[in-house]
Amino acid sequence: MTDLTPTSDLPAFRRRRGLRGRSLIPVGGERDVALNRTPREILPLPPEETSKPRVWRNGVFGALDIGTTKMTCLIGKGEPDGSIQVLGYGWRRSHGIRSGSIVDIREAEAAIRATVGQAEEAAERRMDSLVVNLSCGHPRSRLIDAHLPIGGREVTDGDVQRLIADGQARAWSEGRDVIHTLPIGYVVDSMPGIADPRGHQCEQLATKLHVVDMNSSALRTLDTVLQHSELKLDGLVSSPFASGVSVLADEERDLGVTVVEMGGGTTSLAVFCEGKLIHTAQIPVGGLHVTRDIAGVLSTSLETAERLKTMYGAAQLGSDDQREILSVPLIGEGRDRLARIPRSKVISVIQPRVEETLELVRHALDNAGLGRLANGRVVLTGGASLMEGIVPVATRILARPVRMGKPLNVHGLPETAAASAGFSTAAGLLAWAAGADRDFGDVSAPEPRSGGLLKRFVGFIRDRG
């Protein structure tokens with residue numbers, strides 16, 4: 001007897017027309033909708049409790065996004081309805097920055113002073129400390145396993161701290177500083193998926209930590225530049241992580257999603273699953289490379305190339321692009337000497353670089369060792385993602401569903417909603433400072449405010465080893 005053969009002991013069932021929730025529906029138990037079908041009697045799940053708005057920290061906070069092509073400072077606060085209100089912003093071109101790294105301290109300091117000063121003037125308040133994005137120092141993302149014997153007693157807060165400190169000690173590398181330590185669930189006596197192990201009784205406690213670290217010298221340089229600018233580093237957040245905080249819905253982070261932050265000097269990505277950040281990576285290619293390609297091929301200035309990219313650029317050719325003619329000034333030919341080229345010429349320069357960037361993103365995801373966890377939806381954000389036609393190109397190359405991302409529930413950003421993707425990192429940094437960090441349990445974040453207790457734990461365990 002097969003499962004397709006009804007017997008006298010069983011009612012007639014619809015089989016194979018779907019084993020996905022329909023295989024146990026009796027024949028005749030439902031009628032066609034068009035024929036006034038009687039609804040099936042299904043026990044529904046209890047309704048979800050109405051979610052309350054996020055509770056932010058009290059006070060006004062500052063965030064500084066140090067990018068290759070632009071710097072942005074946002075000053076704002078959390079509102080009772082769960083949104084973020086920007087009270088003032090500064091926004092100008094970057095100087096002294098290349099591929100996210102500080103290459104000229106004096107120029108970088110001057111740019112930071114001007115950007116923060118502009119935001120302070122608009123917000124009518126002075127900021128002493130800021131949360132800053134991490135894009136320099138060759139950031140590295142790793143997963144670390146940590147174990148701690150408990151001996152059958154109840155797990156305490158001290159046990160959790162020792163477990164995490166052990167993981168950080170394992171992750172320690174000479175010349176590197178840990179920026180994020182993110183527990184990805186706990187395991188209590190081989191029972192995974194424990195969000196908070198405190199209060200459980202067990203023999204063995206384990207966890208997997210997602211650790212993001214950076215070059216120590218780059219961190220010292222950043223701290224020095226901020227000090228020269230009369231600012232303190234209140235926190236450091238990975239750029240794609242910050243973008244994910246601002247552009248993703250909670251359900252997206254839970255189901256599995258990858259944020260691809262397309263900046264001026266770099267393209268970075270962050271993979272989220274079950275509400276946790278599980279992987280980050282950085283690719284040294286961004287929108288500035290597209291601008292340089294256009295300038296080189298068309299023999300025009302970088303400023304003109306940037307304007308052509310912004311106003312006429314696209315990620316793929318359209319049917320009318322050959323007929324639209326653009327006038328382009330040439331370098332060294334005088335202001336009156338203009339070359340007339342079809343728009344398709346500009347796009348033919350842009351398209352290969354965009355495709356190359358997306359192929360590098362796909363390669364990074366396929367080789368991250370995350371399996372199906374890296375196969376979810378992709379959300380594109382950042383200034384370079386505003387290129388016309390980029391979503392269908394990304395969908396084809398990444399072989400994943402793709403949507404555009406912009407900051408959610410943040411009011412008062414410098415640009416209109418259509419172009420706000422360029423401020424995703426800054427908006428995420430501001431949300432992080434206001435309290436969004438609580439969602440991820442980053443045990444590295446509170447260290448400056450707690451007197452370095454966790455750091456002493458790490459040193460103690462490292463010395464014992």
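**Entry 1. Largest cavity**

I looked up which element gives the largest share of the lining of the largest cavity, and I found strand 14 (residues 276-283), with three residues. I note here that I am working with a predicted model. For the full lining of this cavity I listed Leu134, Pro139, Val212, Ser238, Pro240, Ser268, Thr280, Ala281 and Gln282. By class, I recorded five nonpolar and four polar residues in this lining, with no charged residue. I noted a volume of about 60 Å³ for the largest cavity.

**Entry 2. Other cavities**

I next asked how many cavities of 30 Å³ or more the structure holds. I recorded three of them. For the second largest cavity I wrote down about 50 Å³ of space. Its lining, as I listed it, consists of Ile66, Gly100, Ile102, Val132, Asn133, Ser135, Cys136 and Leu222. I entered five of these lining residues as nonpolar, three as polar and none as charged.

**Entry 3. Helix 4 and helix 10**

I turned to helix 4 (residues 239-247) and helix 10 (residues 424-434), whose axes come within 7 Å and cross at roughly 80°. I therefore entered helix 4 as roughly perpendicular to helix 10. On the side of helix 4, I found the contact made by Ser239, Phe241, Ala242, Ser243, Val245, Ser246 and Val247. On the side of helix 10, I found Ser424, Thr425, Ala427, Gly428, Leu429, Ala431 and Trp432. I sorted the residues of this contact into eight nonpolar and six polar, with no charged residue.

**Entry 4. Helix 6 and helix 7**

I then looked up the packing of helix 6 (residues 287-298) against helix 7 (residues 302-312), and I noted an angle of about 115° with the axes 8 Å apart. Because of this angle, I entered helix 6 as roughly perpendicular to helix 7. I recorded the crossing of these two helices as right-handed. From helix 6, I listed Gly287, Val290, Thr291, Arg292, Ile294, Ala295 and Leu298 in the contact. From helix 7, I listed Leu302, Ala305, Glu306, Leu308 and Lys309. I counted seven nonpolar, two polar and three charged residues in the contact of helix 6 with helix 7.

**Entry 5. Helix 8 and helix 9**

Is helix 8 oblique or roughly perpendicular to helix 9? For helix 8 (residues 343-366) and helix 9 (residues 390-398), I recorded an angle of about 45° and axes 9 Å apart. I therefore entered helix 8 as oblique to helix 9. I noted a right-handed crossing for this pair. In helix 8, I found Val354, Glu355, Leu358, Glu359, Val361 and Arg362 meeting residues of helix 9. Their partners in helix 9, as I listed them, are Ile390, Val393, Ala394, Arg396, Ile397 and Leu398. I classed eight residues of this contact as nonpolar and four as charged, with none polar.

**Entry 6. Proline 342**

Finally, I asked where proline 342 has its place. I located proline 342 in strand 16 (residues 338-342). Leaving aside neighbours within four places in sequence, I found proline 342 in contact with Asp321, Gln322, Glu324 and Ile325. I also looked up aspartate 320, which is 22 residues from proline 342 in sequence and 9.8 Å from proline 342 in space, C-alpha to C-alpha.

Definitions and conventions. Residues are numbered from 1 along each chain as its sequence is written. This is a predicted model: local features need pLDDT of at least 70, side-chain atom pairs count only at pLDDT 80 or more; totals for chains, interfaces and linings use all residues. Side-chain values use heavy atoms; hydrogens and water are left out. Axes are lines fitted to C-alpha atoms, for helices over the stretch in contact, and angles run from 0 to 180 degrees between N-to-C directions. Helices (H or I, at least four residues) and strands (E, at least two) are DSSP runs, numbered from the N terminus. Angles under 35 degrees count as roughly parallel, over 145 as roughly antiparallel, 65 to 115 as roughly perpendicular and the rest as oblique. A crossing is left-handed if the near helix is turned anticlockwise from the far one by less than a right angle, and right-handed if clockwise. Contact means heavy atoms within 4.5 Å. Ala, Val, Leu, Ile, Met, Phe, Trp, Tyr, Cys and Pro count as nonpolar, Asp, Glu, Lys and Arg as charged, and the others, Gly among them, as polar. On a 1 Å grid over the protein atoms alone, a cavity is a set of points where a 1.4 Å probe fits but cannot get out, and a pocket is an open set with protein on both sides within 12 Å along at least five of seven lines; lining residues have an atom within 4 Å of a point. Grid points are joined across faces, edges and corners, and a volume is the space filled by probe spheres set on the points.
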